[in-house]
Amino acid sequence: MAPRHAVRAAPLCAALLLAFALLATPASADDEAPLADPPVVGEPVPMAASIAALAPATARAEAKAQGAVLADKMREEVATAKAEAKAALDNADATWQSYLAAQQSQIAEAKASAGDGGELPKSLSVLAADGDAGARALARRKAVFLRNLRDINRRNAKSGDMLVFGVNNFTHLSAKEFKDIYLSSVFPPTAPEDSGRKLLQTKDTLQCNKKVNFPFGGVTPKAIDHRSLGTVTPAKNQGQCGSCAAFAAASAFESAFIAKWGATKGYTARNTDLSEQDLLSCTSGDGCEGAWPNVYVDRVACKGTLFEAAASYKASDSDRCPSVTREASGVKSWSYVPGNERSFAQALSHNPIAITVSGNELQSYRAGVYNCGGNQPMNHAITIVAYKTSVPMSNGEKWNIFPAKNSWGSGWGESGFVNFRANCGGTGSLKIYEYQAVLPIRG
Ligand SMILES: *[C@@H]1O[C@H](CO)[C@@H](O)[C@H](O)[C@H]1NC(C)=O
């Protein structure tokens with residue numbers, strides 16, 4: 001038998017300190033306390049009816065109507081954001097000054113909360129030197145910012161009326177710096193394969209071993225949106241820790257948790273925030289260096305989950321797993337979902353799914369939908385939360401779309417969300433079909 005690391009693919013969205021992975025010891029196993037039922041926290045909010053439950057002809061008509069509304073909304077948002085990006089370039093110096101001022105107030109806040117000896121996050125520290133060195137660093141940052149701003153406008157000139165790039169908190173970072181801080185620096189060399197499809201992680205690292213075969217088939221929903229079903233929490237911010245996999249997994253099982261306990265215990269997208277830190281602390285390796293979402297979804301199936309308040313996010317991974325009673329997650333098992341439109345849509349009829357994606361192009365994303373294609377390295381994980389069909393494009397095409405939740409804060413993209421075209425062959429839009437997705441299954 002090959003050594004087990006021979007089949008282990010490099011983890012996703014690693015941060016800079018690859019060496020930490022080598023130093024990390026496995027999380028302690030003293031986290032076996034019994035599971036608690038979640039307490040009742042308030043009045044249950046009834047779920048909106050799913051159009052998946054409608055008769056086929058009605059569902060088709062409803063999906064078409066929703067698609068038209070979505071297209072209008074997107075087109076308007078894209079036009080507005082394009083005009084903003086153009087104005088930003090036309091007034092480049094003023095744009096830089098106000099951008100710098102905003103970053104500097106973030107630096108002040110970060111310094112205040114980090115205290116003495118606390119380190120600034122890398123994306124802020126590149127702006128924070130004093131004296132001559134600081135002046136040189138700022139001149140360089142301005143050059144990077146202006147180059148990105150020109151690039152944003154160049155891409156906007158070519159992106160059509162349904163995709164737009166813009167200024168965000170990453171605009172002073174070069175593509176390489178962005179990749180080094182927020183994405184994986186290592187392309188997965190040999191992902192484990194199963195019947196020709198790429199999987200995320202082999203089962204010998206799973207704590208619960210709750211993987212089951214993909215249980216869905218047959219009916220593909222015309223549309224489903226877990227946001228309107230009330231189970232999708234707002235976008236969070238992973239900060240400068242390559243923990244995208246923990247956030248992608250947590251978002252997926254938060255939806256399962258709310259769907260499972262919402263009616264009886266009163267959990268909603270507004271009062272539910274499950275801990276990513278607990279996932280980092282209680283799995284081996286440096287979760288800031290990268291990981292796979294299936295390992296985390298598997299863990300909560302038998303070990304349970306903690307609320308954010310009980311294990312708040314530190315953007316670092318100490319591997320000190322607290323020995324406490326955890327909440328039952330509502331996740332009974334999970335399955336891989338084959339990388340194609342139909343399977344993803346079928347899985348979404350049950351719950352949001354954690355997926356992997358090529359993240360390089362997302363740095364300046366502002367709004368709209370990515371078309372098929374994109375051949376950059378695989379290095380990020382996010383959560384698909386909806387499926388829309390019959391979205392009319394200006395050229396007469398009808399696109400199907402997967403809206404997805406990212407973990408770069410609500411200032412990024414469309415309030416933290418992004419859209420991918422679904423009706424694509426091959427590895428899909430930004431490679432969302434390259435690996436199998438992970439579906440938490442409620443029970
Ligand atoms: C930048 O980050 C700050 C702090 O997290 C946030 O308040 C702000 O909305 C972000 N801005 C953008 C454009 O992402």
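User: How do the residues of the shell around the ligand divide into nonpolar, polar and charged?

Analyst: In this predicted model, the shell holds one nonpolar residue, five polar residues and no charged residue. The residues concerned are Gln-106, Asn-168, Asn-169, Gly-409, Gly-411 and Trp-412. Trp counts as nonpolar, whereas Gly is placed among the polar residues, so Trp-412 supplies the nonpolar member, and Gly-409 and Gly-411 are counted as polar.

User: Why is the ligand said to lie between domain 1 and domain 2?

Analyst: Both domains give residues to the shell, and the ligand therefore lies between them. Domain 1 comprises 12-66 + 185-442, and domain 2 comprises 75-180.

User: What makes helix H7 largely enclosed by the rest of the structure?

Analyst: A residue is buried when 20 or more other C-beta atoms lie within 10 Å of its own. In H7, 19 of the 22 residues are buried, so the helix is largely enclosed. H7 spans residues 244-265 and bends by about 30° at Ala-259. Gly-266 follows H7, with a positive phi near 85°.

User: Why is helix H9 also described as largely enclosed?

Analyst: The reasoning rests on burial again: ten of the eleven residues of H9, which runs over residues 293-303, are buried, so the rest of the structure largely encloses this helix. The buried set includes the charged residues Asp-298, Arg-299 and Lys-303, and also Pro-293, Val-295 and Tyr-296. H9 is followed by Gly-304, whose phi is positive, near 85°.

User: Which residues of helix H6 are buried, and against which helix do they pack?

Analyst: Phe-178, Lys-179, Ile-181 and Tyr-182 are buried in H6, which covers residues 175-182. These buried residues pack against helix H4 (122-125).

User: How do you know whether Leu-280 is buried or exposed?

Analyst: Leu-280 has 28 other C-beta atoms within 10 Å. The threshold for burial is 20 or more, so Leu-280 is buried. This residue sits in helix H8 (residues 277-281). Leaving aside neighbours within four places in sequence, Leu-280 is in contact with Ser-243, Ala-246, Gly-287 and Asp-317. Its C-alpha atom is 9.8 Å from that of Lys-314, a residue 34 positions apart in sequence.

User: Why is Ala-328 called partly exposed?

Analyst: Ala-328 has 19 C-beta neighbours inside 10 Å. Burial requires 20 or more and exposure 12 or fewer, so a count of 19 falls in between and Ala-328 counts as partly exposed. Ala-328 is located in the loop between strand E6 (326-327) and strand E7 (331-337). Between Ala-328 and Thr-305, 23 residues apart in sequence, the C-alpha to C-alpha distance is 6.5 Å.

User: What makes Asn-213 count as exposed?

Analyst: The limit for exposure is 12 or fewer neighbours; Asn-213 has 7 C-beta neighbours inside 10 Å and therefore counts as exposed. Asn-213 belongs to the loop between E4 and E5. Its C-alpha atom is separated by 5.7 Å from that of Ser-335, 122 residues apart along the chain.

User: What is notable about phi of Asn-209, and is this residue buried or exposed?

Analyst: Most residues other than glycine have a negative phi. Phi of Asn-209, by contrast, is positive, near 55°. Asn-209 lies in the loop between strand E4 (197-198) and strand E5 (224-225). With 11 other C-beta atoms within 10 Å, Asn-209 meets the limit of 12 or fewer and is therefore exposed.

User: How do you know whether Lys-431 counts as buried or exposed?

Analyst: Lys-431 has 24 C-beta neighbours inside 10 Å, which satisfies the requirement of 20 or more, so the residue counts as buried. Lys-431 has a positive phi of about 65° although it is not a glycine. The residue lies in the loop between strand E13 (417-421) and strand E14 (437-442).

User: What is the mean pLDDT of the chain, and where is pLDDT below or under 50?

Analyst: The mean pLDDT is 85, and 84% of the residues reach 70 or more. Over residues 1-10, however, the pLDDT is below 50, and this stretch has 14 contacts in the model beyond near neighbours in sequence. Residues 15-30 likewise stay under 50, with 32 contacts beyond four places in sequence. Where pLDDT is low, the predicted coordinates should not be read in detail.

Notes. Residues are numbered from 1 along each chain as its sequence is written. This is a predicted model: local features need pLDDT of at least 70, side-chain atom pairs count only at pLDDT 80 or more; totals for chains, interfaces and linings use all residues. A residue is near a molecule or strand if its C-beta atom, placed from the backbone, lies within 6 Å of it. Domain bounds come from an automatic or database domain assignment. The bend at a residue is the angle between axes fitted to the seven residues ending there and the seven starting there. Helices (H or I, at least four residues) and strands (E, at least two) are DSSP runs, numbered from the N terminus. pLDDT is the predictor's confidence in each residue, from 0 to 100. Two residues are in contact if their C-beta atoms, placed from the backbone, lie within 7 Å.
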